Each structure stands twice: as C-alpha cells, then as structure tokens.
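Reader: Could you take me closely through one part of this model, the sheet and the elements around it, and tell me how the pieces are arranged?

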Amino acid sequence: MKRAVLSLSGGMDSSTVLLHLLANGYKVTALSFDYGQKHNVELERAQQLVDYLNNKGQKTKNPYIKHDITYQVIKLDGLSTLLNSALVEGGDEVPEGHYENDNMKATVVPNRNKIFSSIIQSVALSIATETGDEVKIAMGIHAGDHEIYPDCRQEFRDADYNAFLEGNWEGDKVKIYTPYLNGDKFDILKDGESCCECLGLDFDEVYKRTNTSYKPIFIENPNEYSDEKGIWYSDYKSASSVERIESFIKLGRPDPVEYANEKGPVDYEVAKAHVEQVLAEH
C-alpha cells in the first residue's frame, strides 16, 4: 500500500499534489490547518474538493482509480494573536502586486511550514509504525515560493527532515515528497491538467474548489428567501492571485474560480487583463 500524509491548504498547489498522489496510487491522509488565517475560506474549499473526489471515487468503474481520502482540519486555536503576519486575523493589510516585490515579505507567517511539517510528520510516522508501510509526507511548495518564503527551500526541507530523524525512532519509515519543489505554478497547473485526465475528473470542477486568494471578498446574497448568506469570491490583485492567474494565462484556459473587486463580481477577462498589466509593468 502506497501511503501519504498531505498538508492540504485548499489552495491550487496542495490540491494539485492531492491529485498527483491519487493518480499515482496513494492512499492519502490530508490535513488542513486553521491557524487564524484571514483567507480561511480555503478550508471550505479543501473540504469541498475532498468530498467531490471521494464521491467521484465511489462512482468510478475503473478499479485502478480510487479516490480514498481521509481528511481532517487541525485547529491551532489562539495562535493567530501571537503571530506577526499580514495573513492572520488582526495583522496588517495584505499587500498587492507581484510575488517578487519586497513588500510580499509581509505575508510570511513565522515558522508556518515547520509547524505544519511537524504535525504531518507525527501523523505519517504513526501510520508507518502501525501499518509497517513506508509513508510519504507531501507538501505543495514550489520554486516560486523560494524568494519570499525560506521554509519552502530545499535547505530547510533537508534540515527539517534530519531533525525529524534525530528525534524519532523508526523515522526512516517516513520520506519527504515535494514533487513541485523545482517547478513553478504553471508546472503545477500543467500536471494538474494531466492528473484530471488520468483520474477521469473535470478540470474546472476540481479547480473551482480551490482558493489561492489572500484577500477573498465576501458578497452577501440579496435574496432574503435564500438560506445561502453569500458567496466568497477571489480577489485578483494580491500576489497569490496574480501568480495563479498568470499560470492560467500560460496554460491557455480560463480560471473557473469566481473573481470580484470592491464593486462586486467581475468576469475572468477583467482579472486576466489586470494581471497582464501587472506582468507588463514588473
């Protein structure tokens, strides 16, 4: 049995790693973390994607395609009030622009990936010692993150893994799996497209169940007779959204996520035009 424990944020990168693992025959335990992030709509999207994939897995007639995902949200209550980052509740305004701009360092959450990796390592080792199987710990970090986020670099991953081995019996039963470490968001999206085809999934149905926006916009439902309070839209000006839309532009297909600005929902072409302008000026 091929097993993996995945840090699933609900964003495009880790969601694609989930597809990648399923396409390669892994039984996946996916963990999301509620650490007081402003964009916690990503947790809703992660649950929606897992539900969609598990449901599709039950309906497929191909015995080699099984979407069997165990999913859990880990709540880190009280942490956000102790963190200095624009991404958590109470932090400064999330900056806009391109990821390579120096002001994007405001989006760093101190030691975030170390916190997450410690938890997925402990779960992976527990599974490994219980089942006797080797377990991979998987994360969606990629080369586009290296400039701003030091905990996404290979040097950190190696040091973190060595510390894990030093601190645990039978730690060698757990291995690191970061398939996109040397790629960018476009490479991730291309692989996601291939994985959807392999798994018999609708690309748009998958990726509309992801959130990359650091500044999501909630628009209330004006219909008083509806139970739905409103809809979360993605912004298209924060760096995470700019990078995501750039990858869809390169892929040559529209992003199925719904976008909005302070005035209300906008067509994808509006978001695309803004990103093209940012890229031209960068």
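Author: E4 and E5 run parallel and are joined by 4 bridges, and within this pairing Lys 136 stands opposite Lys 175 in E5. The model is a predicted one, and what follows should be read in that light. On the E1 side, E4 is again joined by 4 bridges, and E1 and E4 run parallel; here the residue that stands opposite Lys 136 in E4 is Ala 4. Lys 136 thus appears in both pairings, facing Ala 4 in the one and Lys 175 in the other.

E4 itself, which spans residues 135–138, is covered on both faces, with Val 135 and Ile 137 buried on one side and Lys 136 and Ala 138 buried on the other. This can be set beside a general rule: in a regular strand the side chains alternate between the two faces of the sheet.

Taken as a whole, the sheet is open and consists of 5 strands in the order E3-E2-E1-E4-E5, with parallel pairing. Its edge strands are E3 (69–75) and E5 (174–177), each of which pairs on one side only, and from one strand to the next the twist averages 25°. Towards the E3 edge, strand E2, made up of residues 26–34, pairs with E3 in the parallel sense over 7 bridges, and Thr 29 has Thr 70 in E3 as its bridge partner.

Helix H1, residues 12–23, lies across E1 (2–7), E2, E3, E4 and E5, and runs at about 175° to E1. H1 also packs against helix H5, residues 185–199, at an angle of about 40° and with the two axes 9 Å apart, so H1 and H5 are oblique to each other. The crossing in which H1 passes H5 is left-handed. On the H1 side the contact is made by Met 12, Asp 13, Thr 16, Leu 19, His 20, Leu 22 and Ala 23, while the H5 residues include Ile 188, Leu 189, Gly 192, Cys 195 and Leu 199. Sorted by class, this contact has 10 nonpolar, 3 polar and 3 charged residues.

A second pair of helices is formed by H3 (112–131) and H4 (residues 154–167), which pack at an angle of about 45° with their axes 11 Å apart, and H3 is therefore oblique to H4. The crossing of H3 and H4 is right-handed, whereas that of H1 and H5 is left-handed. H3 contributes Asn 113, Lys 114, Ser 117, Gln 121 and Leu 125 to the contact, and H4 contributes Phe 156, Arg 157, Asp 160 and Phe 164; these residues divide into 3 nonpolar, 3 polar and 3 charged.

Pro 110 lies in the loop between E3 and H3. Pro 110 has a relative accessible area of 36%, and because buried means under 20% and exposed means over 50%, this residue counts as partly exposed. Leaving aside residues up to four places away in sequence, Pro 110 touches Asn 84, Ser 85 and Ile 115. Val 266, by contrast, is 156 residues from Pro 110 in sequence, and the two are 34 Å apart in space, C-alpha to C-alpha.

Key: Residues numbered from 1 in each chain as written. Predicted model: local features only at pLDDT ≥ 70, side-chain atom pairs only at ≥ 80, totals over all residues. Heavy atoms only, no water. Pairing = 2+ DSSP bridges. Helix = DSSP H or I, 4+ residues; strand = E, 2+ residues; numbered from the N terminus. Axes fitted to C-alpha atoms, helices over the stretch in contact; angles between N-to-C directions. Contact = heavy atoms within 4.5 Å. Parallel < 35°, antiparallel > 145°, perpendicular 65-115°, else oblique. Left-handed = near helix turned anticlockwise from the far one by under 90°. Nonpolar A, V, L, I, M, F, W, Y, C, P; charged D, E, K, R; others polar. Buried < 20%, exposed > 50% of the residue type's maximum accessible area, 1.4 Å probe, protein only.
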